[in-house]
Amino acid sequence: MKKLLFRIPKSHAPKYQRLAEGIRTSIKEGYLRPGDILPSTRELSKILKFDRHTVMNAFRELISEGWIEAQEKVRYRVVETLPSTFLQPRETIRRDFQPSSALIELARPVAMGDYQEAKTFKHSFPSGFPDPRLFPLKEFKSYLYDALKSSDVLGYGNPVGERGLLEQISIYLRRIRNVSDRTIVVTNGSQEAIFLLSQLLVKPGDYVVIEALGYPPAIEALRFAGAQIIPVPVDEEGIVTEYLEKQIKQKKIRMIYVTPLHQYPTTVTLSARRRLHLYELAYKHGILILEDDYDHEFHYKSQPVAPLASFDPGGLVMYVSTFSKILFPSARLGFMAVPPAIGKEIAKLKRISSRQNEQILQKTLSLWMISGGFERHLGRVRRAYELRLKAMDEILTEIKMDHPKISWNIPDGGMALWLNTGENSSSLAMRAREKKILLHPEKNFLLDCKDGTHLRLGFSGQTSAENIAGLKALSIILRK
Ligand SMILES: Cc1ncc(COP(=O)(O)O)c(C=O)c1O
(Lines give C-alpha, C1' and ligand atoms only; values in the text may rest on other atoms or scores of the structure.)
Protein backbone atom coordinates (compact mmCIF):
# COMPACT_ATOMS: atom_id res chain seq x y z
CA MET A 1 0.00 0.00 0.00
CA LYS A 2 1.27 3.48 -0.86
CA LYS A 3 2.41 5.68 2.04
CA LEU A 4 0.22 8.77 2.16
CA LEU A 5 2.05 12.09 2.38
CA PHE A 6 -0.72 13.84 4.24
CA ARG A 7 -2.75 13.48 7.40
CA ILE A 8 -6.48 14.01 7.70
CA PRO A 9 -7.22 16.46 10.51
CA LYS A 10 -9.81 15.65 13.13
CA SER A 11 -12.73 18.08 13.20
CA HIS A 12 -16.49 18.28 12.85
CA ALA A 13 -16.17 19.46 9.23
CA PRO A 14 -17.51 17.20 6.43
CA LYS A 15 -15.12 14.43 5.39
CA TYR A 16 -14.34 15.87 1.93
CA GLN A 17 -13.30 19.19 3.54
CA ARG A 18 -11.02 17.42 6.03
CA LEU A 19 -9.41 15.44 3.20
CA ALA A 20 -8.88 18.64 1.17
CA GLU A 21 -7.43 20.36 4.26
CA GLY A 22 -5.00 17.47 4.84
CA ILE A 23 -3.70 17.62 1.26
CA ARG A 24 -3.57 21.44 1.29
CA THR A 25 -1.54 21.52 4.51
CA SER A 26 0.83 18.89 3.18
CA ILE A 27 1.50 20.97 0.06
CA LYS A 28 1.96 24.15 2.13
CA GLU A 29 4.45 22.38 4.38
CA GLY A 30 6.45 20.91 1.52
CA TYR A 31 5.65 17.20 2.06
CA LEU A 32 3.81 17.12 -1.24
CA ARG A 33 5.93 19.02 -3.79
CA PRO A 34 4.90 20.82 -7.00
CA GLY A 35 4.45 18.18 -9.73
CA ASP A 36 3.91 15.22 -7.32
CA ILE A 37 1.30 12.75 -8.52
CA LEU A 38 -1.52 12.01 -6.10
CA PRO A 39 -3.06 8.55 -5.69
CA SER A 40 -6.11 8.04 -7.92
CA THR A 41 -9.56 8.66 -6.47
CA ARG A 42 -10.26 4.90 -6.56
CA GLU A 43 -7.03 4.12 -4.69
CA LEU A 44 -7.61 6.84 -2.12
CA SER A 45 -11.17 5.84 -1.41
CA LYS A 46 -9.97 2.28 -0.83
CA ILE A 47 -7.10 3.30 1.49
CA LEU A 48 -9.14 5.80 3.48
CA LYS A 49 -12.37 3.83 3.36
CA PHE A 50 -14.11 6.96 2.08
CA ASP A 51 -16.82 7.00 -0.52
CA ARG A 52 -15.30 7.79 -3.93
CA HIS A 53 -17.57 10.85 -4.27
CA THR A 54 -16.07 12.23 -1.09
CA VAL A 55 -12.59 11.98 -2.58
CA MET A 56 -13.78 13.50 -5.87
CA ASN A 57 -15.37 16.42 -3.98
CA ALA A 58 -12.14 17.05 -2.09
CA PHE A 59 -10.14 17.03 -5.36
CA ARG A 60 -12.69 19.33 -7.00
CA GLU A 61 -12.24 21.83 -4.16
CA LEU A 62 -8.43 21.69 -4.42
CA ILE A 63 -8.59 22.13 -8.19
CA SER A 64 -10.84 25.17 -7.88
CA GLU A 65 -8.45 26.70 -5.36
CA GLY A 66 -5.50 26.03 -7.67
CA TRP A 67 -3.53 23.58 -5.50
CA ILE A 68 -3.85 20.50 -7.75
CA GLU A 69 -4.75 19.87 -11.38
CA ALA A 70 -6.29 16.97 -13.29
CA GLN A 71 -4.32 15.33 -16.09
CA GLU A 72 -6.36 13.60 -18.78
CA LYS A 73 -9.17 13.45 -16.20
CA VAL A 74 -7.63 10.44 -14.49
CA ARG A 75 -4.43 11.55 -12.86
CA TYR A 76 -4.18 14.31 -10.33
CA ARG A 77 -1.00 16.14 -9.45
CA VAL A 78 0.14 19.10 -7.39
CA VAL A 79 0.26 22.18 -9.63
CA GLU A 80 3.77 22.35 -11.01
CA THR A 81 4.04 26.12 -11.13
CA LEU A 82 3.42 26.81 -7.40
CA PRO A 83 6.11 29.20 -6.20
CA SER A 84 7.99 27.07 -3.69
CA THR A 85 9.90 29.52 -1.44
CA PHE A 86 7.32 29.35 1.33
CA LEU A 87 6.23 25.73 0.83
CA GLN A 88 7.90 24.50 4.00
CA PRO A 89 6.88 23.80 7.59
CA ARG A 90 5.83 26.98 9.43
CA GLU A 91 8.55 26.61 12.06
CA THR A 92 11.23 26.67 9.36
CA ILE A 93 9.71 29.78 7.84
CA ARG A 94 9.60 31.49 11.25
CA ARG A 95 13.22 30.56 11.89
CA ASP A 96 14.71 31.36 8.48
CA PHE A 97 12.81 34.44 7.33
CA GLN A 98 12.87 37.90 8.90
CA PRO A 99 9.81 40.15 8.78
CA SER A 100 10.58 42.93 6.36
CA SER A 101 9.84 45.84 8.69
CA ALA A 102 12.02 48.22 6.67
CA LEU A 103 9.40 48.15 3.94
CA ILE A 104 6.74 49.60 6.24
CA GLU A 105 7.71 53.21 5.85
CA LEU A 106 4.93 55.66 6.61
CA ALA A 107 4.29 58.37 4.06
CA ARG A 108 3.17 60.66 6.90
CA PRO A 109 3.36 59.59 10.53
CA VAL A 110 0.41 60.37 12.82
CA ALA A 111 1.44 62.17 15.97
CA MET A 112 -1.42 60.92 18.16
CA GLY A 113 -0.78 58.63 21.11
CA ASP A 114 -2.24 55.12 20.99
CA TYR A 115 -5.87 54.75 21.97
CA GLN A 116 -6.15 53.71 25.61
CA GLU A 117 -9.08 51.58 26.60
CA ALA A 118 -10.70 53.33 29.60
CA LYS A 119 -9.66 51.48 32.73
CA THR A 120 -12.07 51.25 35.58
CA PHE A 121 -11.49 53.97 38.09
CA LYS A 122 -13.42 54.43 41.26
CA HIS A 123 -13.85 58.11 40.49
CA SER A 124 -13.47 59.98 37.23
CA PHE A 125 -14.61 63.23 35.66
CA PRO A 126 -15.35 62.28 32.04
CA SER A 127 -14.25 65.28 30.03
CA GLY A 128 -17.27 66.55 28.15
CA PHE A 129 -19.35 63.40 27.97
CA PRO A 130 -23.12 63.33 28.02
CA ASP A 131 -24.73 61.06 30.61
CA PRO A 132 -26.04 58.03 28.69
CA ARG A 133 -28.40 57.24 31.56
CA LEU A 134 -30.41 60.36 30.70
CA PHE A 135 -30.93 59.33 27.10
CA PRO A 136 -34.54 58.33 26.33
CA LEU A 137 -33.66 55.02 24.66
CA LYS A 138 -37.23 53.74 24.58
CA GLU A 139 -38.52 56.80 22.77
CA PHE A 140 -35.56 56.80 20.37
CA LYS A 141 -36.05 53.10 19.65
CA SER A 142 -39.53 53.72 18.27
CA TYR A 143 -38.07 56.12 15.68
CA LEU A 144 -35.34 53.64 14.91
CA TYR A 145 -38.05 51.13 14.16
CA ASP A 146 -39.85 53.66 11.93
CA ALA A 147 -36.60 54.46 10.11
CA LEU A 148 -36.13 50.79 9.31
CA LYS A 149 -39.55 50.58 7.68
CA SER A 150 -38.13 52.33 4.65
CA SER A 151 -35.73 50.36 2.48
CA ASP A 152 -34.25 53.71 1.32
CA VAL A 153 -31.96 53.70 4.31
CA LEU A 154 -30.31 50.46 3.23
CA GLY A 155 -28.79 51.69 0.00
CA TYR A 156 -25.98 53.97 -1.04
CA GLY A 157 -27.11 57.51 -0.41
CA ASN A 158 -25.99 61.04 -0.98
CA PRO A 159 -22.44 61.35 0.43
CA VAL A 160 -23.34 64.63 2.14
CA GLY A 161 -26.08 63.07 4.25
CA GLU A 162 -29.59 61.64 4.45
CA ARG A 163 -32.05 64.11 2.94
CA GLY A 164 -34.36 64.27 5.96
CA LEU A 165 -31.54 64.90 8.40
CA LEU A 166 -29.93 67.57 6.20
CA GLU A 167 -33.26 69.37 6.17
CA GLN A 168 -33.70 69.12 9.95
CA ILE A 169 -30.15 70.32 10.67
CA SER A 170 -30.67 73.22 8.32
CA ILE A 171 -33.95 74.25 10.03
CA TYR A 172 -32.42 73.78 13.47
CA LEU A 173 -29.32 75.83 12.66
CA ARG A 174 -31.38 78.68 11.25
CA ARG A 175 -33.88 78.71 14.14
CA ILE A 176 -31.60 78.04 17.11
CA ARG A 177 -28.11 79.10 16.09
CA ASN A 178 -28.84 81.81 13.54
CA VAL A 179 -26.70 80.05 10.91
CA SER A 180 -28.11 79.86 7.37
CA ASP A 181 -27.29 79.77 3.65
CA ARG A 182 -24.62 77.12 4.03
CA THR A 183 -24.03 73.67 2.66
CA ILE A 184 -24.41 71.02 5.31
CA VAL A 185 -22.38 67.82 5.20
CA VAL A 186 -23.06 65.08 7.73
CA THR A 187 -19.84 63.50 8.97
CA ASN A 188 -18.59 60.74 11.22
CA GLY A 189 -18.54 62.97 14.28
CA SER A 190 -17.15 66.48 14.06
CA GLN A 191 -13.67 64.92 14.10
CA GLU A 192 -14.17 63.76 10.52
CA ALA A 193 -15.42 67.22 9.56
CA ILE A 194 -12.21 68.74 10.98
CA PHE A 195 -10.12 66.10 9.20
CA LEU A 196 -11.79 66.59 5.81
CA LEU A 197 -11.58 70.38 6.02
CA SER A 198 -7.92 70.19 6.96
CA GLN A 199 -7.19 67.90 4.04
CA LEU A 200 -9.02 70.09 1.59
CA LEU A 201 -7.95 73.54 2.73
CA VAL A 202 -4.48 73.24 4.26
CA LYS A 203 -1.41 72.77 2.10
CA PRO A 204 1.81 71.27 3.53
CA GLY A 205 3.75 74.12 5.11
CA ASP A 206 0.73 76.42 5.63
CA TYR A 207 0.64 78.25 8.96
CA VAL A 208 -2.40 77.39 11.07
CA VAL A 209 -3.21 79.07 14.37
CA ILE A 210 -4.62 77.05 17.22
CA GLU A 211 -5.52 77.89 20.81
CA ALA A 212 -2.40 77.17 22.87
CA LEU A 213 -4.45 75.14 25.30
CA GLY A 214 -6.41 73.13 22.81
CA TYR A 215 -8.14 70.00 21.58
CA PRO A 216 -5.38 67.52 20.60
CA PRO A 217 -7.26 65.45 17.95
CA ALA A 218 -8.10 68.61 15.99
CA ILE A 219 -4.53 69.88 16.24
CA GLU A 220 -3.18 66.55 15.02
CA ALA A 221 -5.63 66.46 12.10
CA LEU A 222 -4.30 69.85 11.03
CA ARG A 223 -0.72 68.75 11.50
CA PHE A 224 -1.40 65.58 9.49
CA ALA A 225 -2.49 67.81 6.61
CA GLY A 226 0.97 69.38 6.78
CA ALA A 227 0.13 72.52 8.79
CA GLN A 228 2.81 74.37 10.69
CA ILE A 229 1.09 75.03 13.97
CA ILE A 230 1.20 78.41 15.69
CA PRO A 231 -0.16 78.28 19.25
CA VAL A 232 -1.82 81.47 20.49
CA PRO A 233 -2.45 81.87 24.24
CA VAL A 234 -5.88 81.91 25.82
CA ASP A 235 -6.94 83.89 28.90
CA GLU A 236 -10.19 84.70 30.72
CA GLU A 237 -11.59 86.22 27.52
CA GLY A 238 -10.64 83.35 25.22
CA ILE A 239 -8.00 83.41 22.48
CA VAL A 240 -5.74 86.46 22.84
CA THR A 241 -6.38 88.23 19.55
CA GLU A 242 -3.77 90.91 20.29
CA TYR A 243 -1.12 88.16 20.24
CA LEU A 244 -2.72 86.72 17.12
CA GLU A 245 -2.44 90.10 15.39
CA LYS A 246 1.31 90.13 16.05
CA GLN A 247 1.63 86.65 14.51
CA ILE A 248 -0.35 87.74 11.46
CA LYS A 249 2.11 90.59 10.92
CA GLN A 250 4.98 88.10 10.85
CA LYS A 251 3.55 85.15 8.93
CA LYS A 252 1.06 84.44 6.16
CA ILE A 253 -1.55 82.54 8.12
CA ARG A 254 -3.95 80.25 6.29
CA MET A 255 -6.40 79.22 8.99
CA ILE A 256 -7.39 79.77 12.63
CA TYR A 257 -8.94 76.85 14.55
CA VAL A 258 -11.06 78.11 17.47
CA THR A 259 -13.65 76.95 20.02
CA PRO A 260 -15.27 80.35 20.68
CA LEU A 261 -18.37 79.41 22.68
CA HIS A 262 -16.76 77.20 25.31
CA GLN A 263 -13.02 77.25 24.77
CA TYR A 264 -11.57 73.73 24.98
CA PRO A 265 -10.34 72.92 27.59
CA THR A 266 -10.70 76.11 29.69
CA THR A 267 -14.47 76.53 28.97
CA VAL A 268 -14.12 80.34 28.67
CA THR A 269 -16.56 82.08 26.32
CA LEU A 270 -14.84 84.38 23.83
CA SER A 271 -15.67 87.98 24.78
CA ALA A 272 -17.60 90.17 22.32
CA ARG A 273 -14.58 92.43 21.92
CA ARG A 274 -12.31 89.54 20.97
CA ARG A 275 -14.93 87.93 18.69
CA LEU A 276 -15.17 91.10 16.63
CA HIS A 277 -11.42 91.52 16.62
CA LEU A 278 -10.89 87.89 15.54
CA TYR A 279 -13.28 88.17 12.62
CA GLU A 280 -11.91 91.58 11.66
CA LEU A 281 -8.38 90.18 11.50
CA ALA A 282 -9.46 87.16 9.49
CA TYR A 283 -11.44 89.33 7.07
CA LYS A 284 -8.68 91.87 6.61
CA HIS A 285 -6.02 89.26 5.95
CA GLY A 286 -8.10 86.63 4.12
CA ILE A 287 -7.67 83.94 6.78
CA LEU A 288 -10.06 81.00 7.09
CA ILE A 289 -11.68 80.27 10.46
CA LEU A 290 -12.39 76.69 11.49
CA GLU A 291 -15.06 77.14 14.17
CA ASP A 292 -15.58 74.11 16.42
CA ASP A 293 -18.92 74.55 18.23
CA TYR A 294 -19.05 71.18 19.95
CA ASP A 295 -21.47 71.75 22.85
CA HIS A 296 -23.53 74.74 21.79
CA GLU A 297 -26.75 73.89 23.61
CA PHE A 298 -25.18 73.59 27.04
CA HIS A 299 -25.06 77.25 27.91
CA TYR A 300 -26.60 78.19 31.25
CA LYS A 301 -25.94 81.83 31.96
CA SER A 302 -27.92 83.22 29.04
CA GLN A 303 -28.80 82.27 25.50
CA PRO A 304 -25.61 80.95 23.87
CA VAL A 305 -23.74 83.51 21.81
CA ALA A 306 -24.43 82.90 18.12
CA PRO A 307 -21.57 81.21 16.26
CA LEU A 308 -19.08 83.23 14.23
CA ALA A 309 -20.68 81.52 11.23
CA SER A 310 -23.90 83.46 11.90
CA PHE A 311 -22.30 86.63 10.54
CA ASP A 312 -19.72 85.79 7.93
CA PRO A 313 -19.87 88.29 5.06
CA GLY A 314 -16.43 87.17 3.89
CA GLY A 315 -17.42 83.47 3.59
CA LEU A 316 -14.42 82.58 5.78
CA VAL A 317 -15.97 80.44 8.50
CA MET A 318 -16.00 76.65 8.27
CA TYR A 319 -18.50 75.74 10.97
CA VAL A 320 -18.25 72.33 12.61
CA SER A 321 -20.55 70.79 15.20
CA THR A 322 -21.62 67.44 16.62
CA PHE A 323 -24.48 65.36 18.00
CA SER A 324 -22.03 63.39 20.19
CA LYS A 325 -22.80 65.53 23.22
CA ILE A 326 -26.57 65.62 22.72
CA LEU A 327 -27.24 62.02 21.67
CA PHE A 328 -24.29 59.79 22.48
CA PRO A 329 -20.73 59.73 21.09
CA SER A 330 -21.04 56.29 19.49
CA ALA A 331 -23.68 57.63 17.08
CA ARG A 332 -20.72 59.26 15.30
CA LEU A 333 -22.95 61.96 13.94
CA GLY A 334 -21.43 65.35 13.36
CA PHE A 335 -21.70 67.89 10.60
CA MET A 336 -20.20 70.94 9.02
CA ALA A 337 -22.01 73.98 7.63
CA VAL A 338 -19.74 75.62 5.09
CA PRO A 339 -19.87 78.10 2.22
CA PRO A 340 -21.51 76.29 -0.75
CA ALA A 341 -18.38 76.29 -2.95
CA ILE A 342 -16.44 74.38 -0.28
CA GLY A 343 -19.42 72.10 0.39
CA LYS A 344 -19.28 70.87 -3.19
CA GLU A 345 -15.61 69.90 -2.87
CA ILE A 346 -16.12 68.31 0.55
CA ALA A 347 -18.86 66.12 -0.92
CA LYS A 348 -16.33 64.69 -3.40
CA LEU A 349 -13.73 64.14 -0.69
CA LYS A 350 -16.28 62.49 1.61
CA ARG A 351 -17.17 60.17 -1.25
CA ILE A 352 -13.64 58.93 -1.71
CA SER A 353 -12.93 58.61 2.01
CA SER A 354 -15.88 57.12 3.89
CA ARG A 355 -18.43 57.25 1.02
CA GLN A 356 -21.26 58.40 3.31
CA ASN A 357 -22.45 58.14 6.87
CA GLU A 358 -24.56 55.20 7.89
CA GLN A 359 -28.14 56.14 7.03
CA ILE A 360 -30.31 54.36 9.59
CA LEU A 361 -29.29 56.54 12.52
CA GLN A 362 -29.45 59.65 10.35
CA LYS A 363 -33.03 58.87 9.42
CA THR A 364 -33.90 57.99 13.03
CA LEU A 365 -32.51 61.28 14.26
CA SER A 366 -34.38 63.26 11.63
CA LEU A 367 -37.68 61.60 12.63
CA TRP A 368 -36.93 62.33 16.28
CA MET A 369 -36.18 65.96 15.45
CA ILE A 370 -39.43 66.30 13.49
CA SER A 371 -41.38 64.88 16.44
CA GLY A 372 -39.98 67.50 18.82
CA GLY A 373 -38.50 64.76 21.03
CA PHE A 374 -34.95 65.90 20.31
CA GLU A 375 -35.52 69.40 21.68
CA ARG A 376 -37.48 68.13 24.69
CA HIS A 377 -34.51 65.88 25.51
CA LEU A 378 -32.16 68.81 25.06
CA GLY A 379 -34.16 70.91 27.50
CA ARG A 380 -34.09 68.10 30.07
CA VAL A 381 -30.35 67.45 29.88
CA ARG A 382 -29.49 71.13 29.81
CA ARG A 383 -31.34 71.59 33.13
CA ALA A 384 -29.71 68.47 34.59
CA TYR A 385 -26.21 69.56 33.61
CA GLU A 386 -26.77 73.07 34.97
CA LEU A 387 -27.69 71.55 38.35
CA ARG A 388 -24.61 69.35 38.22
CA LEU A 389 -22.42 72.40 37.64
CA LYS A 390 -24.09 74.17 40.58
CA ALA A 391 -23.50 71.18 42.85
CA MET A 392 -19.88 71.02 41.77
CA ASP A 393 -19.40 74.69 42.54
CA GLU A 394 -20.92 74.18 46.00
CA ILE A 395 -18.72 71.24 46.95
CA LEU A 396 -15.62 73.01 45.64
CA THR A 397 -16.54 76.01 47.83
CA GLU A 398 -16.59 73.65 50.82
CA ILE A 399 -13.25 72.10 49.84
CA LYS A 400 -11.73 75.57 49.43
CA MET A 401 -12.18 76.18 53.15
CA ASP A 402 -9.48 73.58 53.81
CA HIS A 403 -7.54 74.28 50.60
CA PRO A 404 -7.65 78.03 49.99
CA LYS A 405 -5.17 77.71 47.09
CA ILE A 406 -7.77 76.17 44.73
CA SER A 407 -9.73 78.52 42.46
CA TRP A 408 -12.14 78.39 39.54
CA ASN A 409 -14.59 80.50 37.59
CA ILE A 410 -18.08 79.21 37.00
CA PRO A 411 -18.25 78.84 33.22
CA ASP A 412 -21.19 80.36 31.33
CA GLY A 413 -21.80 76.92 29.90
CA GLY A 414 -20.19 73.69 28.76
CA MET A 415 -19.76 70.28 30.29
CA ALA A 416 -16.62 70.75 32.33
CA LEU A 417 -15.00 73.04 34.87
CA TRP A 418 -11.41 74.31 34.72
CA LEU A 419 -10.01 74.08 38.21
CA ASN A 420 -6.79 75.72 39.32
CA THR A 421 -5.42 73.35 41.95
CA GLY A 422 -2.60 75.68 42.97
CA GLU A 423 -0.11 72.81 42.57
CA ASN A 424 1.42 70.78 39.74
CA SER A 425 -1.65 69.07 38.30
CA SER A 426 0.31 66.32 36.49
CA SER A 427 1.82 65.08 39.76
CA LEU A 428 -1.58 65.39 41.36
CA ALA A 429 -3.08 63.26 38.56
CA MET A 430 -0.39 60.66 39.15
CA ARG A 431 -1.09 60.51 42.88
CA ALA A 432 -4.80 60.34 42.10
CA ARG A 433 -4.30 57.28 39.88
CA GLU A 434 -2.95 55.37 42.82
CA LYS A 435 -6.22 56.13 44.60
CA LYS A 436 -8.18 55.04 41.50
CA ILE A 437 -9.19 58.59 40.57
CA LEU A 438 -8.85 59.57 36.89
CA LEU A 439 -7.97 63.22 36.28
CA HIS A 440 -7.21 65.26 33.15
CA PRO A 441 -4.31 67.62 33.94
CA GLU A 442 -3.47 70.79 32.02
CA LYS A 443 -0.45 69.10 30.46
CA ASN A 444 -2.78 66.94 28.31
CA PHE A 445 -3.98 70.01 26.43
CA LEU A 446 -0.72 71.88 26.03
CA LEU A 447 1.14 71.65 22.77
CA ASP A 448 4.54 71.84 24.43
CA CYS A 449 3.46 69.33 27.13
CA LYS A 450 4.63 71.66 29.91
CA ASP A 451 3.13 71.12 33.32
CA GLY A 452 0.40 73.40 34.59
CA THR A 453 -1.74 73.70 37.68
CA HIS A 454 -5.20 73.14 36.21
CA LEU A 455 -7.50 70.16 35.84
CA ARG A 456 -10.40 69.76 33.45
CA LEU A 457 -13.24 68.30 35.49
CA GLY A 458 -16.17 67.05 33.42
CA PHE A 459 -19.43 67.23 35.34
CA SER A 460 -22.10 66.30 32.81
CA GLY A 461 -21.38 62.59 32.43
CA GLN A 462 -22.21 61.60 35.98
CA THR A 463 -24.68 62.52 38.70
CA SER A 464 -24.01 65.21 41.29
CA ALA A 465 -23.65 62.51 43.94
CA GLU A 466 -20.93 60.84 41.84
CA ASN A 467 -19.19 64.17 41.20
CA ILE A 468 -19.29 65.05 44.90
CA ALA A 469 -17.89 61.65 45.92
CA GLY A 470 -15.07 62.09 43.38
CA LEU A 471 -14.22 65.61 44.56
CA LYS A 472 -14.22 64.56 48.20
CA ALA A 473 -11.78 61.76 47.36
CA LEU A 474 -9.67 64.25 45.42
CA SER A 475 -9.64 66.75 48.30
CA ILE A 476 -7.91 64.16 50.50
CA ILE A 477 -4.88 64.04 48.22
CA LEU A 478 -4.61 67.79 47.52
CA ARG A 479 -1.46 69.25 49.06
CA LYS A 480 -2.04 71.73 51.87
C1 LIG B 1 -13.49 70.48 21.25
C2 LIG B 1 -14.02 69.24 20.62
N3 LIG B 1 -14.10 69.20 19.29
C4 LIG B 1 -14.52 68.09 18.65
C5 LIG B 1 -14.89 66.97 19.36
C6 LIG B 1 -15.24 65.75 18.56
O7 LIG B 1 -16.43 65.20 18.78
P8 LIG B 1 -17.02 64.08 17.84
O9 LIG B 1 -15.99 63.66 16.86
O10 LIG B 1 -17.44 63.01 18.76
O11 LIG B 1 -18.18 64.73 17.16
C12 LIG B 1 -14.83 66.96 20.75
C13 LIG B 1 -15.16 65.76 21.51
O14 LIG B 1 -14.92 65.62 22.68
C15 LIG B 1 -14.38 68.13 21.40
O16 LIG B 1 -14.28 68.18 22.74
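## Helix packing, strand pairing and ligand shell

Strand 6 (207–211), strand 7 (228–232), strand 9, strand 10 and helix 10 are among the elements that cover the buried residues of helix 9. The model described here is predicted.

**Helix 9 and helix 10**

The buried residues of helix 9 are Thr241, Leu244 and Ile248. Viewed along the axis of helix 9, they fall within an arc of 45 degrees, so they line one face of the helix. An α-helix has 3.6 residues a turn, so residues three or four places apart point the same way. On the face of helix 9 turned away from the buried side are the exposed residues Glu242, Lys246, Lys249 and Gln250.

Helix 10 has a buried side too, made up of Arg274, Arg275, Leu278, Tyr279 and Ala282. These residues cover an arc of only 130 degrees around the axis, which puts them on the same side of helix 10. Two arginines, Arg274 and Arg275, are thus listed among the buried residues of helix 10. The cover over this buried side includes strand 9 (238–239), helix 9 (241–250), strand 10 (253–258) and strand 11 (288–293). The opposite face of helix 10 carries the exposed residues Ala272, Arg273, Glu280, Lys284 and His285.

Does the length of helix 10 agree with or depart from the expected span? Helix 10 has 14 residues (272–285), which at 1.5 Å a residue should span 20 Å; the end C-alpha atoms are 20 Å apart, so the two agree. Gly286 follows helix 10 and has a positive phi, near 60 degrees.

**Strand 12 and its partners**

Strand 12 (residues 317–322) is mostly covered, with 6 of its 6 residues buried. In a regular strand the side chains alternate between the two faces of the sheet. On one side of strand 12, Val317, Tyr319 and Ser321 are buried, and on the other side Met318, Val320 and Thr322 are buried, which leaves both faces covered.

Strands of a sheet pair through backbone hydrogen bonds, either parallel or antiparallel. Strand 12 pairs with strand 11 in the parallel sense over 5 bridges, and Leu290 has Met318 of strand 12 as its bridge partner. Strand 12 is also joined to strand 13 (residues 333–338), here by 4 bridges and in the antiparallel sense. In that pairing, Thr322 is matched with Gly334 of strand 13.

**The three-stranded sheet**

An open sheet is formed by 3 strands in the order 1-3-2, with antiparallel pairing. Strand 1 (37–38) and strand 2 (68–71) stand at its edges, each with a single partner strand, so one side of each is left without a neighbour in the sheet. Strand 2 is joined to strand 3 (residues 75–78) by 4 bridges, and the two run antiparallel. The bridge partner of Gln71 in strand 3 is Arg75, while that of Glu69 is Arg77. The hairpin of strand 2 and strand 3 has 3 residues between the strands, and in this hairpin Glu72 takes a positive phi near 45 degrees.

**Ligand shell**

Which residues come nearest to the ligand? Of the 14 residues around the ligand, they are Gly189, Ser190, Gln191, Thr322 and Ser324. Helix 7 (residues 189–201) gives the most to this shell, with 3 residues. By class, the shell holds 5 nonpolar, 8 polar and 1 charged residues. Thr322 links this part of the model to strand 12, where Thr322 is one of the buried residues.

**Backbone features in loops**

Two residues that are not glycines and have a positive phi are set out below.

| Residue | Phi | Loop | C-beta neighbours within 10 Å |
|---|---|---|---|
| Asn178 | about 65 degrees | between helix 6 (163–177) and strand 5 (183–188) | 13 |
| Arg355 | about 70 degrees | between helix 11 (340–353) and helix 12 (359–371) | 10 |

With 13 C-beta neighbours inside 10 Å, Asn178 counts as partly exposed. Arg355 has 10 other C-beta atoms within 10 Å and is therefore exposed, since the limit for an exposed residue is 12 or fewer.

A cis peptide bond joins Tyr264 and Pro265, with omega about 10 degrees. Pro265 is placed in the loop between strand 10 and helix 10.

Terms used. Residues are numbered from 1 along each chain as its sequence is written. This is a predicted model: local features need pLDDT of at least 70, side-chain atom pairs count only at pLDDT 80 or more; totals for chains, interfaces and linings use all residues. The expected span of a helix is 1.5 Å times one less than its number of residues. A residue is buried if 20 or more other C-beta atoms lie within 10 Å of its own, exposed if 12 or fewer, and partly exposed in between; C-beta atoms are placed from the backbone. The arc is that of the directions from the helix axis to the C-beta atoms. Two residues are in contact if their C-beta atoms, placed from the backbone, lie within 7 Å. A residue is near a molecule or strand if its C-beta atom, placed from the backbone, lies within 6 Å of it. Ala, Val, Leu, Ile, Met, Phe, Trp, Tyr, Cys and Pro count as nonpolar, Asp, Glu, Lys and Arg as charged, and the others, Gly among them, as polar. Two strands pair if DSSP finds at least two bridges between them.
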